[in-house]
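Work through these exercises with the sequence and the 3D view side by side. Try each task before you read its solution.

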Number of protein chains: 2
Amino acid sequence: MGKNLTKRSEDYSKWYNELVIKANLAEMSGVRGCMVIKPYGFAIWEKIQAGLDKMFKETGHENAYFPLFIPKSYLSKEASHVEGFAKECAVVTHYRLKNSDDGKSIVVDEDARLEEELIVRPTSETIIWDTFRKWVQSYRDLPLLINQWANVVRWEMRTRLFLRTTEFLWQEGHTAHATRQEAVEEAELILNIYADFAEGHMAVPVIKGIKTESERFAGAEDTFCIEALMQDGKALQAGTSHFLGQNFAKAFDVKFATKEGKQEYVWATSWGVSTRLMGALIMTHSDDNGLVLPPKLAPIQVVIVPIYKGIEQLDAISKKIQPLLKELKSKDISVKFDQRDTHKPGFKFNEYELKGVPVRIAIGQRDLEQGTLEIARRDTLEKASIDMDKAVDHITELLAEIQESIYKKAESFRDQNIRSVDSYDEFKEVLEAHGGFIAAHWDGTAETEAQIKKETMATIRCIPLSGYEGKGSCMVSGKPSERRVLFAKAY
Amino acid sequence: MGKNLTKRSEDYSKWYNELVIKANLAEMSGVRGCMVIKPYGFAIWEKIQAGLDKMFKETGHENAYFPLFIPKSYLSKEASHVEGFAKECAVVTHYRLKNSDDGKSIVVDEDARLEEELIVRPTSETIIWDTFRKWVQSYRDLPLLINQWANVVRWEMRTRLFLRTTEFLWQEGHTAHATRQEAVEEAELILNIYADFAEGHMAVPVIKGIKTESERFAGAEDTFCIEALMQDGKALQAGTSHFLGQNFAKAFDVKFATKEGKQEYVWATSWGVSTRLMGALIMTHSDDNGLVLPPKLAPIQVVIVPIYKGIEQLDAISKKIQPLLKELKSKDISVKFDQRDTHKPGFKFNEYELKGVPVRIAIGQRDLEQGTLEIARRDTLEKASIDMDKAVDHITELLAEIQESIYKKAESFRDQNIRSVDSYDEFKEVLEAHGGFIAAHWDGTAETEAQIKKETMATIRCIPLSGYEGKGSCMVSGKPSERRVLFAKAY
């Protein structure tokens, strides 16, 4: 197709990197590990943001904004949190630069050293709970349902566009509740929102589950997660929702007066998804020709390419196409009429395939005469000729069909790649041969989990909330197991 | 009114700070100079963002995202830029923390020192122009019309909520063009968008002008600005749009091939508005009873307060009011029915006055019987009884009227506070007695400008784009002046 894209079967990882660059989604910047999200990639992220933001607000959450910087001492307040988070992060130590003595460059002004270092937030529990202390006095102040869209920094040694970058964009929800039950229900509510969004908007099927203790968020009592499967058989954690118990309330002394006038610590959750979702979106659907985007998140849903010789033919096509453009726009379908005369139709076809535009329409001289259009869908590459006066209905239906079809395809792939095994040997064989999720019995100990990870690189992605029930014995230790859990190699 | 708000006439600055806190807009955080934007304040900021973002996109701009960190060496590349910006900023020197030797706290790991320090962006020209070099090869790649919504950090010694904080939120536009003229037109286009938004959405009248050389953005050839007047007679710069010439293109070696095949440096603009607009919004309209918000930016446009005794009366009101709620929502009017039984109507009236909800409706037993509502407008505090079946039309009209009315009021105040003077003595008298804008002749030199600033604290806010024409002689030096310029003390 002339896109010079490495094939997935040749080198999946190389295919991914090339695709992100060539489709103009993102690129690495001059700052180690930090990416630039380019306009086309950012337009997809904006649609992800808008979709999630609406769902958060419909369930009573409000947005707010908290400081980028966290005083170093805050991180130490919740013991397990600091263990998990505080180490690899960007540290601000000074607040001024000055001219060097030779006047040729600028240097850090050693006189402007901060008394206490500031950490660029890797996540905001500590600064937010320090604030919640001022916001919560009585049961009337609860629940607090807060979300923040923000950038965060975790100093990563090995980075990949969208999947693992030193700085990334995300939303982080932080809520406070009067009772344990209400907090657990909140964590579950958000898990369901994440799953509904992944499946309904991104067309990415996910498995809902709970993390094991060793994979849990630092400071959480329970971490709920959604796990997706990429085409190379590796799992990707697409979102997490944490029940934090009273850990942060105790660390930051956040109490409330109950209706009965008693002082109690509040219960908490936190939850987040990030620009990592972009990676999941790209890897779930795209093919050797480029991106495949679900219509609900595609910045351009329909592109119209005129096929013409000379300005007169272009004018005729342009005139003919105006009512269609207008009607599509009135239905909130995002459509682009590409009348650039600097590029040939073939070039444009390639470009929109690479960029994953769900529906491509071509219109030439014969179409003008016959009142037809050529319509091509990106996911299957199928083409058809349709009547121009039925175009709007056809396009509307086709967009819905593509949305559903790519979900079904991904679901079918995912389902075919969940395999139950009963012995450790079989586990290793299946992992080596197929990857995918493996449902196996595990004795519930961190030791066995660590041994499997060390020997096979596979981790327990989650204890699924439903399915794979039934007791058995651990494939490694032979000890009793309450239910199967899902293993996979993961991004 | 029981709000315990300091009167503007007593202490304007104290009134502002109290209002921001009591109306739940923002508060200072535990991090020096950094604010927390609370949900009610953030909801207003989201409306500002949405309004501007739409205007940017309608004029062909696209959003993208660039790194938070800027390598120190980038800042030195544009000589005047580094002079103006690089000094007071947050410097990241290390990328890891570790446990202290006694295990009781965490300390900076001195082994994890960065080879080159990173600056937390105070503005992004340098990192963006380093990226643009890769994006621009030929005239076909131009113009590049990029915007970014982001947080930035400037190490401020004296901070005030929204007006001057160490970290703030903003948008920064960065564009690249093939010709000088196109870049100048872009800077002017954005100036007009800013002015239209300030006046049309925020109901804040502004004066469009050009900054003098000493007030210009570091690295710009021309800085266009909009200037607003606060109720205490001080000016507030509400937005700036810079024509950058070829300064950044030369510093970062960004050239393009023209149609004729020549290599030329591109022309640039940058432009931004920030959470400072929140300060302008609050200070322009609000009064001793609290916030006054323009309907277009009010998170809650209409609040309905039931006045009742017992659950039966509340139920009757609630039932009666449902069609009105539904119809208002269908017209995209944001309405809240406050049926909290924990607070009395008087408390609620106070609260919504403090929060600046434009229209308040009260409905009691007699209204139920007579089919009426009591409607109160926040800006004038006027009340009226209206027929319930005409309520939707009445409310729709009233919201439009309030939007216009508070603009007119602010405009009238502003116009009354622009005074022309012809001598330096008169200048000082007027400045002392009234503040406001003073239109005066100036000889065009930085020396005179500096002298006036030193002696009176007033600065040249702008050389207005229109009005105040006609030659004269400088009020200080007596030298010839081409036109009057506008002075004021400023935030």
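**Exercise 1. Which residue in S9(A) does Glu62(A) stand opposite?**

Solution. Start with the ground rules. This is a predicted model, in which local features need pLDDT of at least 70, side-chain atom pairs count only at pLDDT 80 or more, and totals for chains, interfaces and linings use all residues. Residues are numbered from 1 along each chain as its sequence is written, while chains are lettered from A and ligands numbered from 1 in the order in which they are written.

Step 1. Find the strands. Helices (H or I, at least four residues) and strands (E, at least two) are DSSP runs, numbered from the N terminus.

Step 2. Check the pairing. S3(A) and strand S9 (residues 144-153) of chain A are parallel and share two bridges. Two strands pair if DSSP finds at least two bridges between them.

Step 3. Read off the partner. Glu62(A) stands opposite Ile146(A).

**Exercise 2. Place S3(A) in its sheet, and find the edges.**

Solution.

Step 1. Write down the order. The sheet is open and has 11 strands, S3-S9-S10-S16-S13-S12-S11-S24-S27-S23-S22 (chain A). Its pairing is mixed.

Step 2. Look at the two ends. Strand S3 (62-63) and strand S22 (418-420) of chain A are the edge strands. Each has a single partner strand, so one side of each has no neighbour in the sheet.

**Exercise 3. Is strand S17 (residues 302-306) of chain A buried or exposed?**

Solution.

Step 1. Fix the terms. A residue is buried if 20 or more other C-beta atoms lie within 10 Å of its own, exposed if 12 or fewer, and partly exposed in between; C-beta atoms are placed from the backbone.

Step 2. Count. Five of the five residues of S17(A) are buried, so the strand is largely enclosed by the rest of the structure.

Step 3. Recall a rule. In a regular strand the side chains alternate between the two faces of the sheet.

Step 4. Check each face. Val302(A), Ile304(A) and Pro306(A) are buried on one side, and Val303(A) and Val305(A) are buried on the other.

**Exercise 4. Which residues in S18(A) and S19(A) pair with Ile304(A)?**

Solution.

Step 1. Take S18(A). S17(A) runs parallel to strand S18 (residues 335-337) of chain A, with three bridges. Here Ile304(A) stands opposite Phe337(A).

Step 2. Trace the link. From S17(A) the chain passes through helix H9 (residues 310-330) of chain A to S18(A), in a right-handed β-α-β crossover. Right-handed has a precise sense: with the strands pointing away from the viewer, the path from the first strand over the helix to the second runs clockwise.

Step 3. Take S19(A). Five bridges join S17(A) to strand S19 (residues 359-363) of chain A, again in parallel. The bridge partner of Ile304(A) there is Ile361(A).

**Exercise 5. How many residues of chain A are in contact with chain B?**

Solution.

Step 1. Define contact. Two residues are in contact if their C-beta atoms, placed from the backbone, lie within 7 Å.

Step 2. Count. 53 residues of chain A touch 53 residues of chain B.

Step 3. Find the main contributor. Strand S5 (residues 91-94) of chain A gives the largest share of this side of chain A, four residues.

Step 4. Sort by type. The side of chain A that touches chain B has 31 nonpolar, 10 polar and 12 charged residues. Ala, Val, Leu, Ile, Met, Phe, Trp, Tyr, Cys and Pro count as nonpolar, Asp, Glu, Lys and Arg as charged, and the others, Gly among them, as polar.

Step 5. Zoom in. S5(A) and strand S5 (residues 91-94) of chain B run antiparallel, joined by three bridges. Val92(A) stands opposite Val92(B).

**Exercise 6. Work out how the two copies are related.**

Solution.

Step 1. Superpose. A turn of 180 degrees and a shift of 0.0 Å along the axis lay chain A on chain B with an RMSD of 0.0 Å. The fit is by least squares on the C-alpha atoms of residues with pLDDT of at least 70 in both.

Step 2. Conclude. The two copies are therefore related as by a two-fold rotation axis.

Step 3. Find the residue by the axis. Val92(A) comes closest of the residues of chain A, at 2.1 Å (C-alpha).

Step 4. Compare surfaces. The same surface serves both copies, as 100% of the contact residues of chain A recur in chain B.
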